[in-house]
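Colleague: I am new to this structure and would like a close look at one part of it. Please pick a single place, go through its surroundings, and then set it against the rest of the chain.

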Amino acid sequence: MNWANESSPKEFILLGFSDRAWLQMPLFVVLIISYTTTIFGNVSIMMVCILDPKLHTPMYFFLTNLSILDLCYTTTTVPHMLVNIGYNKKTISYAGCVAQLIIFLALGATECLLLAVMSFDRYVAVCRPLHYVVIMNYWFCLRMAAFSWFTGFSNSVLQSSLTLNMPHCGHQEVDHFFCEVPALLKLSCADTKPIEAELFFFSVLILLIPVTLILTSYGFIAQAVLKIRSAEGRRKAFGTCGSHMIVVSLFYGTAIYMYLQPPSSTSKDWGKMVSLFYGIITPMLNPLIYSLRNKDMKEAFKRLMPRIFFCKK
């Protein structure tokens, strides 16, 4: 993989919203608030899931993995964006751009697969409750999480190598806030259609196959829930799945918009806003959705937060 080829610049210029100077300060404030909320929310969920024995179940094991992903996901891009806006500095080194692209793609793909695994966990819990402990045993959960991380990083290496091997011919200005595939492809001075076709194929594998599995799982879940006679039972069953479906809708909706269409057809400013949403806003909303809609999580917070912050036994 000849990433540092002769046509690659030593650094890139991230334009962001440089043509709209009045947006810089509002964006800076939004980034500070969302990043702080993301850190606090996801760290809180991780601590509660680890410290509360009642949450040592497959569902919360995968939720801990999701929180780790979201923390790393935002940390890949937001701190550099804050520095660029705060110091009016718009550059990123070539090596930094490569690292940002690989990590961002890897974590995004891993989250796609992890959300599919979480939907399978909910399917087993609702449709096969008597076999849940046997099917979702510790080693199976560990293998599923490891598979998600490994496949996500493998996909990232493939997509990154295809993107970065395109000749840039000295072009340095990336019309985005961070190094992302659609924005980098627009720098190429060669025909990108063959590469776009290959990237589209990998995106279909990573995006559409997991979302198909998720929809199939929830189709079976809906059938099983509708057979429950008591209204309380149906409410509880739908409640355990509702948070996950909201997260899936937010993440997949924006990711599919960005990666399952040619970069040339993506509106410049709209593409930036969508990237900010699934790369920054969604990781901030995930812990709020899971904590506010989940009864077990809220009870665990009530038990543990006083002990953590006020040293109460």
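Modeller: Two residues are in contact when heavy atoms of theirs lie within 4.5 Å. The model is predicted.

The place to look at is Ile 135. Ile 135 lies in helix H4, which covers residues 132-135. Leaving aside neighbours within four places in sequence, Ile 135 is in contact with Phe 120, Val 124, Arg 128 and Phe 140. Ala 125 is 10 residues from Ile 135 in sequence, and their C-alpha atoms are 9.8 Å apart in space. Is Ile 135 buried or partly exposed? Ile 135 counts as partly exposed because its relative accessibility is 25%, and buried would mean under 20%.

Two of the contacts of Ile 135, Phe 120 and Phe 140, also pair with each other. Their rings form a tilted aromatic pair, with 6.2 Å from centre to centre and 55° between the planes. This pair links distant parts of the chain: Phe 120 is in helix H3 and Phe 140 is in helix H5, 20 residues apart. Phe 120 also counts as partly exposed, because its relative accessibility is 31%. Ring pairs join Phe 120 and Phe 140 with Tyr 123 and Phe 220 in a cluster. The whole structure holds 10 aromatic pairs.

Next to Phe 120 in sequence comes Asp 121, which forms a salt bridge with Arg 122. In general, side chains of opposite charge can pair when their charged atoms come close. Here the closest N and O atoms are 2.8 Å apart. Both Arg 122 and Asp 121 are buried. The structure holds one salt bridge.

Asp 121 leads on to Phe 62. Not counting residues up to four places away in sequence, Phe 62 touches Asp 121, along with Leu 114, Val 117, Met 118, Met 136, Cys 141, Met 144 and Ala 145. Phe 62 belongs to the largest nonpolar core, which has 59 residues. Phe 62 is among the residues with the most contacts inside that core, together with Leu 31, Leu 63, Leu 115, Tyr 252 and Met 297. The helices that each supply at least two residues of this core include H3 (94-127) and H5 (138-164), which are the helices of Phe 120 and Phe 140. Helix H9 (268-293) is another of these suppliers. A second, separate core of 22 residues includes Cys 97, Leu 164, Val 181 and Leu 187.

Thr 282, in helix H9, makes a contrast with Ile 135. Thr 282 counts as buried because its relative accessibility is 1%. Not counting residues up to four places away in sequence, Thr 282 touches Leu 250, Phe 251 and Phe 277.

Now the chain as a whole. The chain has 10 helices and three strands, and 50% of its 313 residues count as buried. Among contacts between residues at least 6 apart in sequence, 80% join residues at least 24 apart. The accessible surface comes to about 15200 Å², and carbon and sulfur atoms hold 70% of that.

Finally, the record. An unreviewed UniProt entry lists several spans as "transmembrane region", among them residues 27-48, 92-118 and 130-150. Residues 92-118 are 93% helix and 7% strand, with end C-alpha atoms 36 Å apart. Residues 27-48 are 100% helix, with end C-alpha atoms 31 Å apart. Ile 135, where this began, is in helix H4.

Notes. Residues numbered from 1 in each chain as written. Heavy atoms only, no water. Salt bridge = Lys/Arg side-chain N within 4 Å of Asp/Glu carboxyl O. Buried < 20%, exposed > 50% of the residue type's maximum accessible area, 1.4 Å probe, protein only. UniProt positions renumbered as here; feature names shortened; annotations may be inferred. Helix = DSSP H or I, 4+ residues; strand = E, 2+ residues; numbered from the N terminus. Areas by Shrake-Rupley, 256 points an atom, 1.4 Å probe, with all protein chains shown as cover. Core = buried A, V, L, I, M, F, W, Y, C linked by side-chain atoms within 4.5 Å. Phe/Tyr/Trp six-rings, centres within 6.5 Å; stacked < 30°, edge-to-face > 60°.
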